[in-house]
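Me: I've got a model open and would like to go through how its strands and helices are put together. Could you walk me through it piece by piece?

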Amino acid sequence: MSDGRTAAGVRTARELVGRSKDPVLSEDNPFEAMMARFDFAAEQLRLDPGIYKVLREPEKQIIVAVPVQQDSGEIEVYTGYRVLHNTSRGPGKGGIRFDLNVTLDEVKALAAWMTWKCAVVNIPFGGAKGGVVCDPSGLSIGELERLTRRYTAALIETLGPDSDIPAPDVNTNERVMAWVMDTYSMHKRHAVTAVVTGKPVEMGGSLGRREATGRGCMITTREALKHLGLPLRGTKVAVQGFGNVGSVTATLLEQEGLTIVGLSDKTGAMYNPNGIYIGDALKWVHEHRYLAGYPNADPISNDELLELDVDVLVPAAVENAITRKNAARVKARVICEGANGPTTPGADRILEEQGVFVIPDILANAGGVTVSYFEWVQDRAGYFWDEPTVNERLESVIRRSFHDVLSVADRYEVNMRTAAYMLSVERVAAVHRLRGIYA
Ligand code: NAD
């Protein structure tokens, strides 16, 4: 990691760039927290000031007007964004969200987040993100389809399997990806499946994608326990969030012999010291939509779930779940960040003092983007893998990445989060040094 690094510290680089335009760092803003972690990693790496400047700025920011004829006949014009943060290692990769809270600043930060996430697992993608400012719950299916198609058409020169590959994110799903793929393909006059990931399996999606993020959480948790010399069998786990990531993580950890004693969703939390059988909880949610009322565990508060006497805590629901207010009461030895940004920097410091081993989000939940990469590879090859092959290859990427991060943590005597950022920032910086600056 030392090749080509200059002796000039990043403090100098920061001074060169100037921080005055940045908003005051707020502990509760996960995107600012991410940028602060990037800065810290850059400082530890003594990153070249020029490369620091390059990596802090997104390569491309696009704002498009998206006119949509409503079912009523009226025309509404939405604002859409697409940001390519860094594509030095490969095409931009990142989701599209439809939400009223979408802002250009948020999309910029999320695109940078994708750059680090792709680099930490060493897949040949850069970071991108997109969004449309809208309330999808107020749109009919037809309006949603027209919005998606017009947004895609507006970005037709940017998107592409070699340049920018969207995926689902907040309020977008397989169906939205199918519309993106169809619109792009109609413009190109042939089917281009590799332009998006997270598609239905029938049209080039990958087997194993749905479970991939939770599978990555299981693998990183298992590796962390092995590293710490802790057993799997009987190890107690609490999982916050019982959606895609939380429910798959809980199912797979249970299969590995761990005991899930605490579970929660937005309707409440529950605890059973003897273990909650995940198949049973899933059946309950299938029939009743939410965990509330589940009979085979005691109800507790959502706050209490995070403070349970467990070995492993998996926050897999929301940002800022663990803050400086509750971090000191967390008893888990290992935290596996299934969600993006569940721990604030203030909480990080407290957890580190308590000796908690935190598997950072950009590593813990990178299973999803890894299988998105596999989907793109399969689409481009026109050859599809069976599910055991997808899972084996995912296992190998995530296990290797976990140990890559661990080696950086050991070598530089930093925690896993700083190590993950150092590894990914250095991987992107190394490509910039090799490619040079085109003039
Ligand atoms: P989801 O919508 O399927 O599930 C979210 C779950 O969290 C639901 O069970 C919901 O009831 C619960 N929840 C919401 N607020 C809560 C609260 N205050 N307390 C406890 N539970 C609460 O979403 P998901 O796809 O599982 O994503 C969860 C997190 O993981 C998000 O941060 C997401 O960005 C991140 N993530 C997801 C993926 C993926 O592939 N799905 C990949 C990377 C990161």
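Me: What is the strand order in the open sheet of 5 strands, and is the pairing mixed or not?

Reply: The order is 1-2-4-3-5 and the pairing is mixed, where two strands pair if DSSP finds at least two bridges between them, and where strands (E, at least two residues) and helices (H or I, at least four) are DSSP runs numbered from the N terminus. Before going on, please note that this is a predicted model, in which local features need pLDDT of at least 70 and side-chain atom pairs count only at pLDDT 80 or more, while totals for chains, interfaces and linings use all residues. Residues are numbered from 1 along each chain as its sequence is written, and side-chain values use heavy atoms, with hydrogens and water left out.

Me: Which strands stand at the edges there?

Reply: Strand 1 (60-69) and strand 5 (164-168) do, and each has a single partner strand, so one side of each is left without a neighbour in the sheet. From one strand to the next the twist averages 25 degrees, with axes being lines fitted to C-alpha atoms (for helices over the stretch in contact) and angles running from 0 to 180 degrees between N-to-C directions.

Me: In what sense do strand 3 and strand 4 pair?

Reply: Strand 3 (residues 92-98) and strand 4 (residues 126-132) pair in the parallel sense, over 5 bridges, and Phe 98 stands opposite Val 132 in strand 4.

Me: Which strands does helix 5 touch when it packs on the sheet?

Reply: Helix 5 touches strand 1, strand 2 (75-86), strand 3 and strand 4, and its direction makes about 140 degrees with that of strand 1; contact here means heavy atoms within 4.5 Å.

Me: And how does helix 5 cross helix 6?

Reply: The axes of helix 5 (residues 141-154) and helix 6 (residues 174-188) come within 9 Å and cross at roughly 45 degrees. The two helices are therefore oblique to each other, given that angles under 35 degrees count as roughly parallel, over 145 as roughly antiparallel, 65 to 115 as roughly perpendicular and the rest as oblique. Their crossing is right-handed, meaning that the near helix is turned clockwise from the far one by less than a right angle, with anticlockwise being left-handed. Residues making the contact include Leu 144 and Thr 148 of helix 5 and Trp 179 and Tyr 184 of helix 6.

Me: Switching topic, what about helix 2 and helix 3, at what angle do they pack?

Reply: Helix 2 (residues 30-45) and helix 3 (residues 49-56) pack at about 165 degrees with their axes 12 Å apart, and they are therefore roughly antiparallel to each other. The contact is made by Met 35, Phe 38, Asp 39 and Ala 42 of helix 2 together with Tyr 52, Leu 55 and Arg 56 of helix 3.

Me: Now the sheet of 7 strands, what order does that one have?

Reply: That open sheet runs 9-8-7-6-10-11-12, with mixed pairing. Strand 9 (298-300) and strand 12 (357-359) stand at its edges with a single partner strand each, so one side of each is left without a neighbour. Within the sheet, strand 6 (residues 236-240) and strand 7 (residues 259-265) pair in the parallel sense over 5 bridges, and the bridge partner of Val 237 is Ile 260 in strand 7.

Me: Last one, how far apart are the centres of domain 2 and domain 3?

Reply: Taken over C-alpha atoms, the centres are separated by 31 Å. Domain 2 covers 60-191 and domain 3 covers 210-343, with bounds that come from an automatic or database domain assignment.
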